[in-house]
Amino acid sequence: METAKNISAAINNLIMKNNDIHQKYLDLAFETKIITLRGLLRKLAEKRRIFSMQLAVGLKDFDISSEVDYDGSLMGALERGWLNLKTSVSMETDESLLAECVRAETATLEEYENTIKQEGLSEKLVTVLQQHMEETEASLRKLHSIEDLS
């Protein structure tokens, strides 16, 4: 029972993280002047939305009684507010927006790595987590390639 609660909490944390990043990327896409980055951020935002839905389905398949937290976190909302304020006041550069995206992807990858180590995960959840990790690594490579161009 305790294992199921821990897994539920960890997956809900990833759902919130993906929802936070989804909204962050939409906000940053509006701010950037680099067309390639704008398009990539919109694609990554959509991917994060899909990740949240896949995790929610995986969690319900794992334990039908689990509550799924579909909202983003308060911390994510505060962070987006801070980024919006910084952007409007300091004329945030595209390079710093790109660095923020790399930081978000790296931090998310670490959370996935920690979650996948948990005992008792279903095979389906492990598969979903591995897929998300691979796609996050690919996203990081794309962001680094844009960094190299800017």
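**A tour of salt bridges, core and surface patch**

The count comes to 7 salt bridges, a salt bridge being a side-chain nitrogen of Lys or Arg within 4 Å of a carboxyl oxygen of Asp or Glu. This is a predicted model, in which local features need pLDDT of at least 70 and side-chain atom pairs count only at pLDDT 80 or more, while totals for chains, interfaces and linings use all residues. Residues are numbered from 1 along each chain as its sequence is written, and side-chain values use heavy atoms, with hydrogens and water left out.

Select Lys-24 and Glu-100: their side chains form a salt bridge at 2.7 Å, N to O. Lys-24 sits in helix α1 and Glu-100 in helix α4, 76 residues apart; helices are DSSP runs (H or I, at least four residues), numbered from the N terminus. Lys-24 is buried at 5% relative accessibility, and Glu-100 is buried at 13%; buried means under 20% relative accessible area, exposed over 50%, partly exposed in between (1.4 Å probe, protein chains only).

Add Arg-103, whose side chain also meets Glu-100 at 2.7 Å, N to O. Arg-103 is partly exposed at 38%. Shared salt-bridge partners join Lys-24, Glu-100 and Arg-103 into one network.

Next, the largest nonpolar core has 33 residues: buried Ala, Val, Leu, Ile, Met, Phe, Trp, Tyr and Cys joined through side-chain atoms within 4.5 Å. Among the members that touch the most others are Ile-11, Tyr-25 and Leu-41. Helix α2 gives the largest share, 9 residues.

Last, select Arg-49 and Glu-46, a salt bridge at 2.4 Å, N to O. Both lie in helix α2, 3 residues apart, about one turn of the helix.

Definitions and conventions
Helix = DSSP H or I, 4+ residues; strand = E, 2+ residues; numbered from the N terminus.
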